[in-house]
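Opening the notebook on this one. I want to go through the odd backbone spots, then the sheets, then the contact between chains.

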Amino acid sequence: MIHIFASLGLLLTALGLSGGAWYAWDKVGSAVVPAGRYLVILGLISAGAAIVFSYLLGRGWPSKERFTDKRVWTLGLLAIFFSDWLLRPWGLFKGPAIRGELLVGAFICYLLVGKRRWIRFFSIWPVVVIGLLVWSFHVASKGDLLFSDDHAMFLFRLKLLRENFPSIPFWSPLWNAGFDARDFFATGALNAYFLSAPLLYLLPVETAYPIIICGIIWALAPACVFLAARIVGLPVISAALATTLSLCSGLFWFRWALKYGTIGFITSAALFPLVIALAVRFIRDTKPSILSGAALCIVTTLMLLWSPSGIAALPVLLVAIPRAPQLIRSKRHMVTLVVLVALNLPWVCMMWKVSSVGRFLNSHTESLTMPTPTHTSDSSSSLTALSTPSAVSATPYRHKSSSINFKNALSNWQNNATALNPLIVILAVPALIAFSSIARPYIIAVSVWLILLGTVGVSLKPQLELDRMIVIASIIATIPLGQYLAQMFLAANRGILWRIAASCAGAFMLIGPFAATAVVLNRSDDTYSFADREVASLVRTLSKHAAGGRVVFSGCVLHQLSGGHLAPLPMWSQTPMVASSYAHNIWKYEQPIPEPLLSRGDSGIREFFDLMNASLVTAHEPTWIDYFKTRPSEYEQIWRGTDFFVFKRLGHVASYTVRGELVDLTFTSNSISFTPVTDSLVLKFRYYPFIEASSCQLRPEPSAAGFDLISLSGCSPGTRITIKSVSPARRLFGGV
Amino acid sequence: MHSRQRNSARMLASSLGLLLVFVIVLVVVSLMESVALSGDFRVKTWFPLVNLNHNGFLAWRLDSPTQIATKLFPNYNFAERPLVGGLILVLGTLIFMIRSSALKPSWRLAPYVAAAAAPVLILLILGLDPVVIGCVAWIPLVAVCAHRSMTSERQALSISVLTLVSMQAALSSNQAGFVGAATAMWLAYLLALSTPGGPQRVAITSLLTLGPAILVTLTAPIADMPSYPRSAHVLPFDGSYGTLRPLLGPTYPFDTLDRAALRSDYGTRSLALLALSALAFWVRKLHQTPVARYTGKVGFVLALMATLNTCLPEPWATISPLPSLGRLLPWGTTYSLTSVALGLSAWLSVTSLILTLGAFSLIPFAACVLWVSLYGSPAILNPILRRDGLVADEKIRPLILSPSAAIFRSLAESGFEIKQQLDSIRQAARIPEKDSRELGAQVEMHPAPPQTTLDQAQATEAAWRWSTRTGSQLGDEVLTVRLSTPRELRGIILDPGQYFTDYPRGLRITGGSCDPSAAILLAHFPVWQGSLHVLQRGLPYYAPRNEVRVVFSAPTTASCIFVYQTGQAHFDWSVSRVRLLVD
C-alpha cells in the first residue's frame, strides 16, 4: 500500500503542476479537475500518508522504489489518453484521432512485451525511426531548400565561413553597405561548421545544407544520446529506448530545429548528453584515458561554441566539487582542463570583444514591439505613419524582462509540458528517482537546473531565450527514461497489470516517432518552410536587372520571403543589398530609410536610394507597393511574386561614389576592390573602425543615411585598392 | 504403365479443374462493372485511378503480366477490369491450397473450390476494384514462393523465383504493397511452421518479400492533383471531426477518401463477412492445421476491424484500428485500407473454412454470397455507374477522373443532368451581390448580448460583427434581414470576416413575408459544407466553409430573410457583412 500512496502522491503532484485544469476526453462540459492545485494538494496528502504509514510501520523513510511503482505511474499516461491533453494546442501527439494510433500501438506492444525475445525489436526501432524521419523530411522538402526563419541565415553563415574561416570576424560588403560579420560566435554557427566542414568543402553549400541538418538532427543527436547512455552504463536495449525517445522528445525540439533553424543551439543540445556522460566519466575516473580526455575536450568545445550551453552545464561543476581535491592532484585531469580552457579562451575573448556580450546580457527592454503597418490609400501619410511606431497597432513581443514570478514560471512549464512527449512529462520523475547509474546525481542536478532556467530564468533574461533549456532537459531525461522503460518492458511477464502498464508506455514509444514524422511532414501546429520557386525567380530577376547597383528592400522584412530571412540572396544573385534586417536582429518595426530622410517624403527617399546606389527596390507592404506604383515616372514594376514586388528605378545611373570616381569595382564576401580615378573618394559603403585599405587613408564621412561612409584620401589613381577588415588578431589585441 | 495412366488422368483432371475455375472467375468478372476509373499514363507507367465508391484517388500502375495482356488485347481495359490479377489470384490460391492441404490431407476438391470461391467472394463484396485485386492477387503466390525460399533445398532457384514474384507483387499492389507483402510473409511463416528454415533463410526471405514492396511504397508518385484553390475540399463534411492527417508518407492538401460513402457501401458487406469469418474463427476441429487456424483468426480480426470502421459512429470509427493504421502507413489515407482488409479477410476466411470444414464450408459460403448479393453489387449501387453512358461521355469522364468524383457522385444521385448542374453552379457564382446597407436593410441577430463599452470601442469597420458571443453555437440562433422594400433575391452571403472560425455549422433560410411562420423555405443545409464552385476545367469543389454564399433554390421576392443557425460548435456564430444576391 505504501508504494501505491507514495507513487500516486508524486504522480498527482506532477499532473497537477503540468496540466492545470483537466477536462475529460474532448473538453466538452465542465472540468473534471478545475485547477492543478487540487491535484497537487491531493498528491501531497497521498505522499504524506505514505511517509506516515511507513514510519508507523517502523520502516522509516520510504525507499525510492516506493515512489516509482511503474503500474501506478502508468495511470498518468492513461490520464493523458482520457483527458483533453491530446487536444491542447502545440501538442506533439495531436488528437483526437491520435488516440486510435495509441490504441493500435498498445495492442501491438501488448503482443510484443509478453515475449522476451521480441523486446529486441526496440533495439532496432531507433534505426527504423531515423529512416522514417529522414524519408519524411525528403517527402516534405520535395527537393526544395530548407529556408525557414534562421535556416536562410545559417546557410549564409556557412557560406561565409567556408569562404573566410579562420579570418573571422570580418567586414562584408554584401548587406547594408557593409556589415560586421561577427555573429558566428554568438549564434554557435561554428559548431555546425566544424562538424560539417568536410561536406561544405566537398559539395556546394546549398546541396550540403539538407544533409547537414538531417545529420545533426537525426544522426548526431540520437548517436550522442545512445553513446551517453552506454557511457553511463546502460545496456543496449535501454540506450536504444533512450535514443528512440530522443527522436520524438517534443514538438519544440522540431520548432527550434526545423522552424526557427537555430542550428548552433540544436548542435549544442545534441552534444549535451554526450558531454555530460563524458564529464561524469572523466570526474569519476581516477586516471582517465587520453582518448576520453581528448573526446571530452573536443565534444565540450563544440558544445560550448553555442555559449549558453555553458550555463546549462554548470551543475556538473557543482556536483563535482566534492571530488575537486582529487581532480586537482591528478595530472591528467589538470592537463585536460588546461587544454579545454586553451581551446575555448581565444574565441570567448573574441566574442566578448566584438559582440558586446556584457551589453547584450544587461539589455533591458521594457516594451519592444513588432507593429503591423496599417494601410491607407494616401501613400505619403502612411509612410509617415510607418516611421513612427507609436502610430501603428502594436503587439508586445516576448522580450520583456520581469522579476522572478513563479506563477509565470508554472505557466511556462505547462506550455512546454504540453509540447513534450507524454512519456517524458509523466515518467521522467520516477525515472530520475529510480535511475541507477554513476551519472544519477549529475543528471538530476542538470535536469532540475535546466527546468529552472527554462521556467524561472526565462523571465529574468528573456533575450537569452532560456525556454530552450527545457528542450535540452527533455533530451537529457531520455537517458534515465530508457532504463526505466526497459525495466518496465522486462517486468511485463510479472502479471497482467505489469503487462498493461508496459503496453501503455510502449504505445507512446511506438507512436511517438510517427507523431514526429507528422511534425516533419508539416502536419502539426508548428510548420516550417522551404525556398519555393518564387525565391529562385526573385534571385534571377535581381541578378538580371541590378545593373551594377544595389537592391533596397523597402519596409520591414523578416520572414516574408518563403518564411526565411533574406540573408543569402546577395550571394545567389551576386548583387549587394540593403534591408532593415537581413537576419533576425531587430525586435521592432524598422525601416531601412532613416527617420529624417523618410520624413522629407519623396526627396528624402530618393536621396537614400541614391546614397545606397539602389538600382532596384522591392516592396511587400501595401503602403510601399502603392508608393512605387503611384510614381510610374520613377519606378517601373518588373516582377511580382506572392508578397513581393520588384521595381526598377528609372533614370538611375549606378555609381558607388558620392565624391570622386572609380572603375572596375568588384566584390567578394569580405572585401571590395577597385581602381580609383581620383586621389580622394567618398564611397557608398559603411565605415567601420576595423577596416583597412591597401594603399589610401581611410576616415569616416558623416552622411544623411544615418551612418558614416568610407572616405578615402591620398590614393594613387590607377593603383588597385582593396578594402577589407583588419586581421582578427589585430582586432582582438590591437585595440581596433 | 498403370501408374503412368493414373498420373496422366490426374493431370488431365487437374487441368480441367483449373480451366473450370478460370472460366467461373472469367464469367463473374465479365458480368461485373468496374468501380474504378483510370486515365492515361502520366508519370512513366503510372496513371491516375479513382474509385467511384469511396473516392480513393491514386497514381497506379500495372504488373508485367497485365501490361503484356494490355498489349495483346488493346481494346480491353485491364487497368479498370483487373482480369489478369483475378486469374493470378486463382492460380495462387490453388497452389497455396494444394500446399496447405499437403500439410494435412483434406477434401480433394478443396484447392479448386477455394480457388474459385475466394476471388468470387472478393468480387461480390468489393466489385471490380483494381486496388484490392492488385494487392491480394499475388499474395498466395508470394507466400508459396517465400515458403519455398525458406525451406527448399534448391536455394538459388527458390530465391530467384521469389525475387521475381515479389517484384511483380510490389508492382501490382503499389501503394498497398507493404500490406500485401507482410500478409504473404506471414502466410509463408505459417506454411513453414512444421518445417522451419534457419534464421538466415528467414531473414533473406523477409528481405526479398518485403524489400520490393517497401521500395515501391517509398517511391510511388503522388497523383496529379488538379489546381484547386487553397482550403478547397471535395468531401462533404459529416459534422464530426475535421481533417484527419496521416502521420506518415505523402498526402493531398485535403481528404480524398470518402468515409461516409465507405460506411454506406461496405457496412452491411462487412457484417456479412464478419459472420462468415466468425464461423471460420470459432469452428474448432481436432486436426485443424496451423494455416487453417490462424488464417481463420486473422480473417475474423480483419472483418471485425472493417466492421468497426464502417458501423461505429464516426467519432469512434476514426479511432478504430483500420483508420488508425491507415494514418500510420504511407499512403494509408489515399487508398481504402478497409477495402483491402475486406478483400484479405474474404480470402483468408474462405481458405480457412474450406481447409477446416471441407465440403460443408459451401453452406456458410453460399449464405454469405446470398447476403451480399441481396444488397446488389457495389458497382450497381454506385450512382455514377448507374447513370447510363455517364463515364463513357468524352467530356464528363476526364472530370470524374479526379478527386471531385465524390461531388459528381452526389450530383448524379440528385437525378438531374450533370452538365446542367455544373452550368447552374457556374452561373450562381456570377450573380451580382449588394451590401445589405446599400439596400437599406436592417440586420439583427437573436439572441444578441447587450453591447458593452468595450464592444463599442472595438466596433471599428474591420472588427464589426453581429454575433451571439456565447462562445458556442447552440442551434437556436436567428439572423433577420429586413429590407426597406420587397426585392427579388437570388441568395445571401453571410461573411464572418476576420472571425473565420465563426461560420454557421448548419443553416436553414426562410424568407418572403416578415411573419416568420408565413415565410417559405429557401435553402436548407443540415451541415454547412461551404459554397459549391467549379474550376475552369469543370471540376466542382467546395470552397472553405467560412465562405457562406447561399444561392436560393429559386429567385424569391422578399421583405424579410430569416437565417436559422441549426448546427452546434464551440465557436460563436459571427457575421461581419451581409450581402444579398440580386440581379
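**Cis prolines and odd phi values**

I started in the loop that runs between α6 (150–164) and β1 (170–172) of chain A, which is where A:Pro169 sits. The model is predicted, so I kept to what passes the confidence cut-offs for local features. The peptide bond from A:Ile168 to A:Pro169 comes out cis, with omega near -5 degrees. I noted it since most peptide bonds are trans.

Chain B has a cis bond to note as well: B:His446 to B:Pro447, omega near -5 degrees. I placed B:Pro447 in the loop between β5 (442–446) and α21 (453–458) of chain B.

Next I looked up positive phi at non-glycine positions. A:Asn522 has a phi of about 65 degrees, and I found it in the loop between α24 (496–520) and α25 of chain A. Is A:Asn522 buried or exposed? I count 18 C-beta neighbours inside 10 Å, so A:Asn522 goes down as partly exposed; the buried class needs 20 or more.

A:Ser562 has a positive phi too, about 50 degrees, and is not a glycine. Its loop lies between β3 and α26 (569–573) of chain A. A:Ser562 has 22 C-beta neighbours inside 10 Å and therefore counts as buried.

**Chain A overall**

I tallied 30 helices and 15 strands in chain A. The C-alpha trace spans about 95 × 65 × 45 Å along its principal axes. Why call the chain a compact globule by radius of gyration? Because 736 residues would give a radius near 27 Å for a compact globule, and the 29 Å of chain A agrees with that.

Of those 736 residues, 51% are buried. I also checked contacts in chain A between residues at least 6 apart in sequence: 76% of them join residues at least 24 apart.

**The five-stranded sheet in chain A**

Which order do the strands take? I read β4-β3-β5-β7-β6 of chain A, an open sheet of five strands with mixed pairing. The edges are β4 (577–578) and β6 of chain A, each of which pairs on one side only.

I zoomed in on the β6 end. Strand β6 (residues 635–640) of chain A pairs antiparallel with strand β7 (residues 645–649) of chain A over five bridges. The two make a hairpin with four residues between them. For the register I wrote down two pairs: A:Tyr635 has A:Arg649 as its bridge partner, and A:Gln637 stands opposite A:Phe647.

Then I looked for helices packed on this sheet. Helix α25 (residues 533–545) of chain A lies across β3 (550–553), β5 (614–619), β6 and β7 of chain A, at about 145 degrees to β6(A). Helix α29 (residues 622–629) of chain A lies across β5, β6 and β7 of chain A, at about 135 degrees to β5(A).

**The four-stranded sheet in chain A**

Here I read the order β8-β11-β14-β13 of chain A, an open sheet with antiparallel pairing. Its edge strands are β8 (657–659) and β13 (697–701) of chain A. The twist averages 35 degrees from one strand to the next.

At the β8 edge I found two bridges joining β8(A) to strand β11 (residues 681–686) of chain A, running antiparallel. A:Thr657 has A:Leu683 as its bridge partner there.

**Chain B strands and a helix**

In chain B I followed β12 (residues 549–565). Strand β7 (residues 477–495) of chain B pairs with β12(B) in the antiparallel sense over twelve bridges, with B:Ile493 bridged to B:Arg549. Strand β8 (residues 507–512) of chain B also pairs antiparallel with β12(B), over six bridges; B:Gly511 is bridged to B:Ile561.

I also checked helix α6 (residues 139–151) of chain B. Its 13 residues reach 18 Å from first C-alpha to last, close to the 18 Å expected. How many residues of α6(B) are buried? Twelve of its 13 are, among them B:Leu141, B:Cys145 and B:Arg148.

**Where the chains touch**

Last entry: 17 residues of chain B are in contact with 16 residues of chain A. Helix α13 (residues 321–328) of chain B gives the largest share of the chain B side, six residues. By class, I get eleven nonpolar, four polar and two charged residues on that side.

Notes
Residues numbered from 1 in each chain as written. Chains lettered and ligands numbered in written order. Predicted model: local features only at pLDDT ≥ 70, side-chain atom pairs only at ≥ 80, totals over all residues. Rg over C-alpha atoms; globule rule 2.2 N^0.38 Å. Contact = placed C-beta atoms within 7 Å. Pairing = 2+ DSSP bridges. Nonpolar A, V, L, I, M, F, W, Y, C, P; charged D, E, K, R; others polar. Axes fitted to C-alpha atoms, helices over the stretch in contact; angles between N-to-C directions. Expected span 1.5 Å × (residues − 1).
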